[in-house]
Amino acid sequence: MNSAGRALSTFLIAVMVVGVGGFVWAAFARGLTWNDVTQFALPRNGVIVAEQRYVVPEPTGDGSRLLPQVIVAEGGTYEMWYPGVDGDPVRYDPCEPVEWVYNPGSEPEGGAQIVADAVQRVSDATGLLFVYEGETEEPLSDSRDAIQERYGVDRYAPVVIGWSDSGALAALEGTVVGVGGSSVVPAAKGDGEYLAAGSVVIDVDDAQDLLDGFDGDAVLRAVIMHELAHVVGLAHVDDEAELMSPANRWKTEWGPGDRTALALAGSGACQS
Ligand SMILES: [Zn+2]
């Protein structure tokens, strides 16, 4: 057998070995390449988003953290929003950048800078590297497709941050100033779960009221910090010493439990 023939039969055997489960449709969805076949130890997982099947994106990093782990003295009150099946909270991958985009539509004056400042504070407290990708025109909602054509289908959608109002988004009715969260998604291979495709939407009318009040920039920034903390996996707590208290009216910086939880949120396992 010549070398081309040998390569072909190896290929066929490999396809039979790994051609189970999600991988079969993954091959149809993405095109089966030699790399896919030879480097597979586990079949790639798949997800269905908006009735479309996708291969779960592979991590892009080399398995090392992008920022140092944040070490804090454990304290305060906190709760993680997405308890994992093994008791380990579901988190973002600290070896991957948390890419984010900004929809400036109807932003209040100074809004972009306040958002950027809030993102930096979350990055500092988590040790997750947030990388700004630019502006987006993605319509803002409280339910979002985790994979979208506009960002490319070989990745999860970046975190989106932007402005809306209670007329456009019912979740912002009443006293709700903002909403935030992420999707729980499967790892590319194996049983792991991660957070991805987060979203923060701020009510621009409420934001303007805050900006018109005392220390307005810092208060609005704290609202966005609170929503971004939901994005990285923090839940509400019934303790007004924490920014994650839903009844917060005055705090503009993290409380001790917020800091404990944010450090935990940035200390998940790496996928790669
Ligand atoms: Zn909240």
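Student: Which residue in S7 stands opposite Gly 180?

Tutor: This is a predicted model, and in it strand S7 covers residues 193–203 and pairs with S6 in the antiparallel sense over 8 bridges. Along this pairing, Gly 181 has Ser 199 as its bridge partner in S7. The residue of S7 that stands opposite Gly 180 is Val 200.

Student: Which residue takes a positive phi in the hairpin of S6 and S7?

Tutor: The two strands of this hairpin have 6 residues between them. A positive phi near 80° is found there, and the residue that takes this angle is Gly 190.

Student: In what order do the 5 strands of the open sheet stand, and which strands are at its edges?

Tutor: The sheet is open and its pairing is mixed, with the 5 strands in the order S4-S3-S5-S7-S6. An edge strand here has a single partner strand, so one side of it is left without a neighbour in the sheet. Neighbouring strands are turned by 20° against each other on average, when direction is ignored. The strands at the edges are S4 (130–135) and S6 (178–186).

Student: Which strands does helix H4 touch where it packs on the sheet, and what angle does its direction make with that of S3?

Tutor: Helix H4, which covers residues 111–126, packs on the sheet and touches S3 (98–103), S4 and S5 (159–164). Helix H5 (residues 204–212) also packs on the sheet, where it touches S5 and S7, and its direction makes about 65° with that of S7. For H4, the angle with the direction of S3 is about 165°.

Student: Which residues coordinate the zinc ion?

Tutor: In sequence the donor residues are spaced H-x3-H-x5-H, and each of them offers its NE2 atom to the zinc ion at 2.0 to 2.1 Å. Two of them, His 226 and His 230, lie in helix H6 (residues 216–231), 4 residues apart, which is about one turn of the helix. The residues that coordinate the zinc ion are His 226, His 230 and His 236.

Student: Is His 230 buried or exposed?

Tutor: Buried means a relative accessible area under 20%. The helix H6 is mostly covered, with 15 of its 16 residues buried, and His 226 has a relative accessible area of 9%, so His 226 counts as buried. For His 230 the relative accessible area is 5%, so the word for His 230 is buried.

Student: How far does H6 reach from its first C-alpha to its last?

Tutor: H6 has 16 residues, and at 1.5 Å a residue a span of 22 Å is expected. Just after this helix, Gly 233 takes a positive phi of about 115°. The reach of H6 is close to the expected span, at 23 Å.

Student: How many aromatic pairs does the structure hold, and which residues form them?

Tutor: The structure holds 2 aromatic pairs. In one of them the rings of Trp 81 and Tyr 82 have their centres 5.4 Å apart and their planes at 40°, so this pair is tilted. The other is also tilted, at 4.6 Å centre to centre and 45° between the planes, and it links distant parts of the chain, 32 residues apart, in strands S3 and S4. The 2 pairs are Trp 81 with Tyr 82, and Trp 100 with Tyr 132.

Student: Is Tyr 132 buried or partly exposed?

Tutor: Partly exposed stands between the limits of 20% and 50% relative accessible area. Its partner Trp 100 has 7% relative accessibility and so counts as buried. Tyr 132 has 42% relative accessibility, and therefore Tyr 132 counts as partly exposed.

Note on methods: Residues numbered from 1 in each chain as written. Predicted model: local features only at pLDDT ≥ 70, side-chain atom pairs only at ≥ 80, totals over all residues. Heavy atoms only, no water. Donors = N, O, S within 2.8 Å, 3.2 Å for Na, K, Ca; no water. Buried < 20%, exposed > 50% of the residue type's maximum accessible area, 1.4 Å probe, protein only. Expected span 1.5 Å × (residues − 1). Pairing = 2+ DSSP bridges. Axes fitted to C-alpha atoms, helices over the stretch in contact; angles between N-to-C directions. Contact = heavy atoms within 4.5 Å. Phe/Tyr/Trp six-rings, centres within 6.5 Å; stacked < 30°, edge-to-face > 60°.
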